Amino acid sequence: MITIKDIAKLAGVSYSTVSKALNGDPRIKPATRQKVLAVAEKHQYRKNIMAQQLSTGRSNIIGFVLDELSNPLFSNISGNLHAELKKRGYQMILVVADDGVDIFSQLRVDGCILWDYALEDREAFWKKFATLNMPCFVLGTDEAPNSPYIKIDRKEGIYKAVQHLQSLGHSRIGFIGNSQNIKLEGYREALQRTGLEFEPHDVLPAHSSWEDGYFAIRNYSFGSESPTAFIGLNNLVTRGRCVRFSKPVITCLRIYH
């Protein structure tokens, strides 16, 4: 495998000039940079990330931790995040696992972005998270972690959904999905804020997949006192509800994570 020293010899420049040219240093003349890049491309040079970390203390890699990819929302976020990081000279490594933070600590990435998701022991996780020796950013949290974060007001989102359905004339509004407490709390509070009655039977059991939404409605026995509208736990659950019916017999709104 060709090295930076080899490129320097072939291009007739110094080792430091090659290093700066490959890293886009503006102090290198455009003609020199093009010459170095041409030699590197010809000989299929690839950066040695470990060597770069040892010499500069940086990897130019950002880690992104998710718990699943089946939801198109996460695929969209991942794709856009990767594109934006690449514009800024970074690569992104995506890990779909509870131990993603540990993996990124071992790889010594320059930073970590975490999508907040359901954890068995949140207190232990956040305690560990606070000790990480790297910049971290949390997306979609309901809490206030010890790092920069973007908080999603899920309760307010559900309230807006209930308010909208009520404006359309619905007075009995159900909820599909019982796997996220924060959203169930938001649903109950939204009904209270809009003066609507909460009925436990109007909450259909479902997790977060479209199949869950499909079977939740399929197994539900509709009657004269049934909800005339439902709010889905997320966009996938709502999609499953739509697959179940060939015509719009009920109104259903989706909410995102």
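## Lys87 and its partner in H5

Lys87 is exposed, with 65% relative accessible area. Keep in mind that we're looking at a predicted model here. Which residue does Lys87 pair with in a salt bridge? That would be Glu84, and the closest N and O atoms of the two sit 3.3 Å apart. Glu84 comes out as partly exposed, at 35% relative accessibility.

Both residues belong to helix H5, which covers residues 72-87, and being 3 residues apart there puts about one helical turn between Lys87 and Glu84. As background, an α-helix has 3.6 residues a turn, so residues three or four places apart point the same way.

## Helix H8, inside and out

Now for H8, which runs over residues 154-167. Does its length add up? Let's do the sum: 14 residues at 1.5 Å a residue should span 20 Å, and the end C-alpha atoms are indeed 20 Å apart, so expectation and model agree. The buried residues of this helix are Arg154, Ile158, Tyr159, Ala161, Val162 and Leu165. Looking down the axis of H8, you'd find these buried residues within an arc of 160°, which means they line one face of the helix. After H8 comes Gly169, with a positive phi near 105°.

Lys155, also in H8, is partly exposed at 24% relative accessible area. Glu189 gets the partly exposed label too, with 34% relative accessibility. The side chains of Lys155 and Glu189 meet in a salt bridge, 3.1 Å from N to O. Since Lys155 lies in helix H8 and Glu189 in helix H9, this pair ties together parts that are 34 residues apart in sequence.

## Asp202, a buried acid

Where does Asp202 sit? You'll find Asp202 in the loop between helix H9 (181-193) and strand S7 (203-204). Is Asp202 buried or exposed? With 2% relative accessibility against a cut-off of 20% for buried, Asp202 counts as buried.

So what surrounds it? Setting aside neighbours within four places in sequence, Asp202 is in contact with Arg172, Ile173, Gly174, Phe175, Tyr187, Tyr220, Pro227 and Phe230. With one residue on that list, Arg172, the Asp202 side chain meets in a salt bridge, at 2.6 Å from N to O. This pair links distant parts of the chain, 30 residues apart: Arg172 is in the loop between H8 and strand S6 (173-176), while Asp202 is in the loop between H9 and S7. Arg172 counts as partly exposed, at 23% relative accessibility, whereas Asp202 is buried at 2%.

## Salt bridges overall

How many salt bridges does the structure hold? The count is 6, and the pairs Lys87 with Glu84, Lys155 with Glu189 and Arg172 with Asp202 are among them. In general terms, side chains of opposite charge can pair when their charged atoms come close.

## A nonpolar patch on the surface

Away from the charges, there's a nonpolar patch to look at. Which residues form this patch on the surface? Leu69, Leu94 and Val96 do, and together they offer about 210 Å² of accessible area. Leu94 belongs to strand S2, residues 91-96. At 32% relative accessibility, Leu94 counts as partly exposed.

Note on methods
Residues are numbered from 1 along each chain as its sequence is written. This is a predicted model: local features need pLDDT of at least 70, side-chain atom pairs count only at pLDDT 80 or more; totals for chains, interfaces and linings use all residues. Side-chain values use heavy atoms; hydrogens and water are left out. Helices (H or I, at least four residues) and strands (E, at least two) are DSSP runs, numbered from the N terminus. The expected span of a helix is 1.5 Å times one less than its number of residues. Buried means under 20% relative accessible area, exposed over 50%, partly exposed in between (1.4 Å probe, protein chains only). The arc is that of the directions from the helix axis to the C-beta atoms. Patches are made of residues with over 30% relative accessible area and no salt bridge: like charges are joined within 9 Å, nonpolar side chains (Val, Leu, Ile, Met, Phe, Trp, Tyr) within 5 Å. Accessible areas come from the Shrake-Rupley method with a 1.4 Å probe; for residues, only the protein chains shown count as cover. A salt bridge is a side-chain nitrogen of Lys or Arg within 4 Å of a carboxyl oxygen of Asp or Glu. Contact means heavy atoms within 4.5 Å.
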